[in-house]
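Q: Please zoom in on one part of this model and walk me through it slowly. I'd also like to know how far to trust it and how it fits in with its surroundings.

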Amino acid sequence: MATGNSGKPANDYGEILVRHGPYPEFTWAAVLVGWFLGALIAISIAYAALKLGFSIEGSELAAILGWGILRGLMRRTSILENNINQTIASAVNGASSGIMFSVPALFILSKSPGLESVKDFNVPLMVFACIAGAFIGLAFVIPLRKQMIDFQRLPYPGGIAVAAILKSPGAGISKSVLLFGAALVSAIVYLFTTQFGANDHPEYDLGNVLGFPGRYNLVFFLSLMTIGVGFLSGKGGFWFGAGGFICYWFLSPLLSLYGGADVQHLVESPGAMRNEIYRPTGIGMLIGAAVGGMIMAFPLIRSAMSALRKAQAGGGSEAGQDEMPIKLLAAAVAGGAILLVFLARQSVPDMTFPLAILMAVLGTVWIWIAGVIVAECVGRTNWSPLSGMTLIAVTILIVIAHSGLDKPQTIVSSMIVGAAICLAISQASDMMLDLKSGYLVGAIPRRQQIAQFVGAWLGPIIVIGLMFVLERSATPSAAEMTDEAFVMAEGEVPYGIGSKELPAAQATALASVINAIVDGNVPAWRYSAGAGLGFLLAVSGLGGIGVMVALGFYMPFSIVLTYTIGCILRMIVDKSAGRRFSEEIGIPVAAGLIVGEALLGVGFALKNVFFAETSGEAVAMASGGVQSLLNGFC
Amino acid sequence: MRSIAGQILLWGGFLSGALATVFSTLLWSGLDIHLTDRKVETEIVEGLDRITKPEVHVIVHGVRNPSLAWEMGLRPGDRILRVDGRELSSSAAVGGPEAGKTMEFEYQRGAATRRVRLTAGEPWSTISWPWYGLSVAASILGIGLLRSGKRAAARQSGHSAASLKQLRVHLSNLVNNARKLHEEHAKMKPRETLQYIDERLADDFREFADGRDNITREYGLETFAEVMTHFAAGERAINRVWSASADGYVDEASAYIQRGLNHLTEARRVLESNA
């Protein structure tokens with residue numbers, strides 16, 4: 001139970017009209033509103049991802065808007081119906097982060113000499129690959145629900161926030177006041193810090209004020225949402241903070257004392273240290289920790305599967321009927337893998353069958369590993385290392401494909417399979433988050449799982465379509481290109497996606513990484529050493545710390561610091577005022593802090609879609625804060 | 001004692017391994033140099049105004065010593081102006097050239113501008129693997145000690161047994177209160193159902209969940225999985241009762257009270273059968 005209301009007068013709940021008959025859950029109204037809201041949010045966030053370089057999940061907005069549409073306009077009266085609506089909407093929106101991080105890289109690379117052909121990829125095949133990837137990701141992650149939510153009871157702070165919104169109609173006035181009051185405060189603070197802050201990323205450099213050397217990186221991310229996430233994670237988030245402190249308060253100071261001259265110089269630039277050292281080490285650690293974690297959790301996973309099989313055997317008990325059949329999911333994975341072979345084979349003319357099989361099999365295995373990593377990271381901290389996992393996927397695929405294909409074909413084939421993997425990972429984390437919300441409101445998992453499939457196919461069609469519209473709208477005519485005024489600086493993408501008009505920061509970064517990988521420049525040793533360290537922590541028997549410490553290495557320290565404030569606050573409140581107080585007062589407030597900032601971020605994105613000409617700059621300023629938060633592209 | 005030694009070895013080994021991983025720090029390309037970007041604000045005159053313009057300088061951060069680059073005179077701090085005659089917008093433009101490729105660097109040190117031709121070799125690891133290996137070995141030893149120490153402590157303290165007794169109390173409370181809710185639900189208004197769940201069931205759900213790991217320690221994973229499957233299904237059913245009551249759907253609430261009660265009763269039966 002997420003909440004309790006001890007000592008509250010009964011009338012705080014208000015009078016409730018008694019209704020008879022079936023309780024609406026998976027209805028056409030929920031599906032249609034979910035598709036509509038999902039499309040709206042996906043377009044907004046996909047556009048924002050290209051324009052501003054951030055992507056956010058839309059569950060909170062879908063829940064709030066669904067509340068307004070289903071309850072306000074359509075006079076519907078079901079918390080669970082709104083839960084299905086937000087599940088479908090966020091499944092549609094899952095494509096915006098998955099695709100906008102990967103596919104635009106092809107457009108950007110196509111503007112480099114010798115790679116012009118990469119933009120002529122097979123579009124229906126790409127859409128199909130994304131849908132197939134999304135389905136494989138879901139089929140892989142759904143059986144983990146029992147392990148992660150029922151057994152491990154991972155907190156999923158975003159899921160708690162969505163559940164708080166969903167339950168607000170019945171939670172009583174005082175809780176609603178706490179939730180929406182905190183949301184208002186969070187939105188105001190967010191607006192203030194982004195509009196009046198010194199730069200796009202609202203941060204407070206306390207270290208500079210106190211005269212700390214730059215290596216300690218004592219910079220706080222100004223975001224009440226981050227504090228809220230830390231509060232909901234509680235002491236479980238301790239190791240995430242520890243990972244960041246190990247980097248900047250232990251390793252960096254030692255390097256500044258004993259490292260070479262070049263290293264000492266680098267240590268004073270924490271951003272460069274993160275990009276050069278801590279992030280690649282953290283990616284390696286995440287992989288090692290995930291593999292170690294899976295080995296350690298294998299008996300638990302086996303027990304979960306066994307319990308599920310037992311429940312589903314012979315027609316199934318009530319609990320067994322609540323889950324999608326394991327055999328169906330296994331068939332979906334096998335079918336998806338075969339489909340990936342076909343898609344890889346068709347991706348470029350020179351692709352051989354053995355190469356396609358190798359890419360598809362490794363891609364499928366990686367979907368499983370990365371799905372587990374991301375689901376656990378989101379479950380413990382609300383942050384998803386999607387970009388790191390995609391990076392590894394693309395690296396593996398390029399190394400395989402380059403053994404038998406030329407550079408352009410290597411890139412196209414790797415990106416088609418890579419986009420499928422990216423979608424799979426994105427859907428996996430969204431599914432688990434939604435299943436947590438569902439658990440808290442009493443939804444039937446099978447219905448939510450079907451709802452996720454119902455939404456997942458639509459996103460790729462919408463987002464890839466939008467991408468082509470934007471690429472064409474930002475591409476000048478042949479006459480304009482020969483105009484004297486059309487002169488670009490060297491190294492700049494002249495038009496379309498990747499240009500100043502549509503910078504696509506994440507895809508641009510991926511494009512440069514793809515170039516580096518094709519040239520053989522991969523920090524493989526640091527990945528390997530990091531993987532060993534992550535593996536050690538995962539098998540240490542100290543539950544879940546491998547992934548947490550790894551994520552602390554991977555994420556910007558400013559976020560880690562602010563998040564740690566939330567964790568410490570929770571521990572203090574638990575100890576001084578009691579856990580009941582934390583749950584009665586703290587959780588609605590923390591959920592509100594998340595909701596307020598997230599809503600404003602999506603609101604700016606929406607504004608940018610409909611009033612792009614006048615508001616782009618303002619959005620760029622205002623949305624920077626969300627950039628590193630719910631997106632996972634940190 | 002073993003646990004403390006294990007913790008020290010585990011974390012000492014981990015931190016030492018992390019140091020070995022980052023100490024060499026930079027990913028050296030086959031050119032034996034490491035480049036980085038530095039953002040600078042340059043003041044320029046435009047018309048009658050003096051304005052600041054942001055620029056990116058590509059700086060040599062490290063040079064492997066000994067290496068061809070070192071012998072040819074490149075040093076940390078040098079600013080790379082052009083590579084093969086092309087101006088650089090960022091260090092990424094140099095990338096990681098394939099082994100055997102020769103590139104001409106034009107660089108600036110102080111006021112002087114110089115040129116150097118470098119041929120790329122194979123990229124190499126800067127991580128000190130012997131150091132790293134020793135650290136990992138220490139950690140593995142620490143993990144072994146930690147695990148055996150924990151097992152010994154669990155055997156001696158009897159802590160799990162006491163906690164299990166407490167778990168049984170919470171589960172019994174849940175079953176009894178769910179049964180009472182089932183019996184009285186027909187007479188209750190939806191808001192009273194909400195209040196009953198929040199006041200009579202929420203705490204026991206939370207306390208039982210917090211102590212669930214004791215089931216694994218005492219009875220093993222199979223029992224844990226079976227108990228938690230029913231417990232979670234029961235809790236989810238009661239959560240659904242809460243939602244249905246908040247929306248006023250009393251039939252649904254009634255059906256799921258029965259269902260939640262069944263699951264909680266089954267969880268208790270499994271736990272008791274192992275006692």
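A: Let's start with trust: this is a predicted model, and chain A has a mean pLDDT (the predictor's confidence in each residue, from 0 to 100) of 80, with 82% of its residues at 70 or more. Helix H19 (residues 445–456) has the highest confidence in chain A, at 94, while helix H27 (residues 612–627) has the lowest, at a mean of 38. Residues 484–491 of chain A stay under 50, and so do residues 613–634 of chain A. Where pLDDT is low, don't read the predicted coordinates in detail.

Quick housekeeping: residues count from 1 along each chain as its sequence is written, and chains are lettered from A and ligands numbered from 1 in the order they're written. Local features need pLDDT of at least 70 and side-chain atom pairs 80 or more, but totals for chains, interfaces and linings use all residues.

Chain A has 27 helices and 2 strands (DSSP runs of at least four residues for helices, H or I, and at least two for strands, E, numbered from the N terminus). Our close-up is a pair of those helices, H7 (residues 157–167) and H18 (residues 407–441). Their axes come within 8 Å and cross at roughly 45 degrees (axes are lines fitted to C-alpha atoms over the stretch in contact, with angles from 0 to 180 degrees between N-to-C directions). That angle makes H7(A) oblique to H18(A), since under 35 is roughly parallel, over 145 roughly antiparallel, 65 to 115 roughly perpendicular, and the rest oblique. The crossing of H7(A) and H18(A) is right-handed: the near helix is turned clockwise from the far one by less than a right angle.

Who meets whom? On the H7(A) side, the residues include A:Gly158, A:Ile160, A:Ala163 and A:Leu166. Their partners in H18(A) include A:Leu433, A:Ser437 and A:Leu440. Contact here means C-beta atoms, placed from the backbone, within 7 Å.

Just before H7, in the loop after helix H6 (145–151) of chain A, sits A:Tyr156. Its phi is near 45 degrees, a positive value in a residue other than glycine. A:Tyr156 counts as buried because 29 other C-beta atoms lie within 10 Å (20 or more means buried, 12 or fewer exposed, in between partly exposed). A:Arg75 also has a positive phi, about 60 degrees, without being a glycine. But A:Arg75 is exposed, with 7 other C-beta atoms within 10 Å, and belongs to the loop between helix H2 (59–73) and helix H3 (79–102) of chain A.

Back to H18(A), which gives 20 residues to the largest nonpolar core, the most of any contributor. A core is a set of buried Ala, Val, Leu, Ile, Met, Phe, Trp, Tyr and Cys residues joined through C-beta atoms within 7 Å. This one has 266 residues, and A:Cys130, A:Leu286, A:Val417, A:Ala419 and A:Ile514 touch the most other members. Beyond four places in sequence, A:Cys130 contacts A:Ala95, A:Ile99, A:Ala419, A:Ala420, A:Leu423 and A:Pro460.

Zooming out, 63% of the 634 residues of chain A are buried. Of its contacts between residues at least 6 apart in sequence, 84% join residues at least 24 apart. Chain B, with 8 helices and 6 strands, has 40% of its 275 residues buried. B:Asp247, in helix H7 (residues 221–247) of chain B, reaches across to chain A, touching A:Thr77, A:Ser78, A:Ile79 and A:Gly170.

Definitions and conventions:
Two residues are in contact if their C-beta atoms, placed from the backbone, lie within 7 Å.
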